[in-house]
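Student: I have a model to look at and some labels I do not yet understand. Could we go through the reasons behind them?

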Amino acid sequence: MASHRRLRDLLLLAAALLLSASCAAAANFEYCNKGRHYPVKVSGVEIVPDPVVRGQPATFKISASTDKTITKGKLVVDVWYFFLHVDSETHDLCAGTPCPATGKFVLASEQTLPSYTPPGSYSLQMKLLGDKNEELTCISFGFSIGFVAPVAIM
């Protein structure tokens, strides 16, 4: 269960970006409903490092803005490994960004995936819900977990 929790935490924070100075990458994202007017606009998703390295810290950063004042909310994150749904979790918005959130803000999180996390392509969908469960934004993006595991030095 501890490994599942770590994977879950990383993917949750996937609403965040990986902070590695050497391999930062902006991820392409799409709104879940392209025709919908979301009150929170996402301007970018950054993943460091990209690809994510098993056993090493990774950060997801989501840059966003709104003309609303958001005092409460939650992030709902769903993750797929290829076509298999592997994780779903809900987090308090104010645990990952200063509240109240207004104007420009960043959702960020750092996690370390276990060294045995399967490598490959993952997809993540993140919904930001307001205090009355109204959908403030919804995006999806992909990220990769590298095929090379870190080598222990003795």
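Tutor: Start with Glu 135, which is buried, with a relative accessible area of 18%. Keep in mind that this is a predicted model.

Student: Why is Glu 135 called buried?

Tutor: Buried means under 20% relative accessible area. Glu 135 has 18%, so Glu 135 counts as buried.

Student: What makes Glu 135 and Lys 127 a salt bridge?

Tutor: A side-chain nitrogen of Lys or Arg has to lie within 4 Å of a carboxyl oxygen of Asp or Glu. For Glu 135 and Lys 127 the N to O distance is 3.9 Å, so the pair meets the definition.

Student: Is Lys 127 buried, partly exposed or exposed?

Tutor: Lys 127 has a relative accessible area of 28%. Partly exposed runs between 20% and 50%, so Lys 127 is partly exposed.

Student: How do you know that Arg 36 forms a salt bridge with Glu 135?

Tutor: The closest N and O atoms of Arg 36 and Glu 135 are 2.9 Å apart. The limit is 4 Å, so this pair counts as a salt bridge. The pair links distant parts of the chain: Arg 36 is in the loop between strand 3 (29-31) and strand 4 (40-48), and Glu 135 is in strand 10 (residues 135-145), 99 residues apart.

Student: Which residues are linked in a network of salt bridges?

Tutor: Arg 36, Lys 127 and Glu 135 are linked in this way. The structure holds 3 salt bridges. One of them joins Lys 34 and Glu 30, with the closest N and O atoms 3.5 Å apart.

Student: Why does Lys 34 count as exposed, and what is Glu 30 called?

Tutor: Exposed means over 50%, and Lys 34 has 67% relative accessibility, so Lys 34 is exposed. Glu 30 has 45%, which lies between 20% and 50%, so Glu 30 is partly exposed.

Student: Now the rings. How many aromatic pairs does a search of the whole structure find?

Tutor: The search finds 7 aromatic pairs. Among them is the pair of Phe 29 and Tyr 31, with 5.8 Å centre to centre and 80° between the planes.

Student: What makes the pair of Phe 29 and Tyr 31 edge-to-face?

Tutor: Centres must lie within 6.5 Å for a pair, and planes over 60 degrees apart count as edge-to-face. The values for Phe 29 and Tyr 31 are 5.8 Å and 80°, so both conditions are met.

Student: Why is the pair of Tyr 81 and Phe 82 edge-to-face?

Tutor: The ring centres of Tyr 81 and Phe 82 are 4.7 Å apart and their planes are at 65°, so the pair is edge-to-face. Tyr 81 and Phe 82 also belong to one aromatic cluster with Phe 60, Tyr 122, Phe 141 and Phe 143.

Technical notes:
Residues are numbered from 1 along each chain as its sequence is written. This is a predicted model: local features need pLDDT of at least 70, side-chain atom pairs count only at pLDDT 80 or more; totals for chains, interfaces and linings use all residues. Side-chain values use heavy atoms; hydrogens and water are left out. Rings of Phe, Tyr and Trp (its six-membered ring) pair if their centres lie within 6.5 Å; planes under 30 degrees apart count as stacked, over 60 as edge-to-face and the rest as tilted. Buried means under 20% relative accessible area, exposed over 50%, partly exposed in between (1.4 Å probe, protein chains only). Helices (H or I, at least four residues) and strands (E, at least two) are DSSP runs, numbered from the N terminus.
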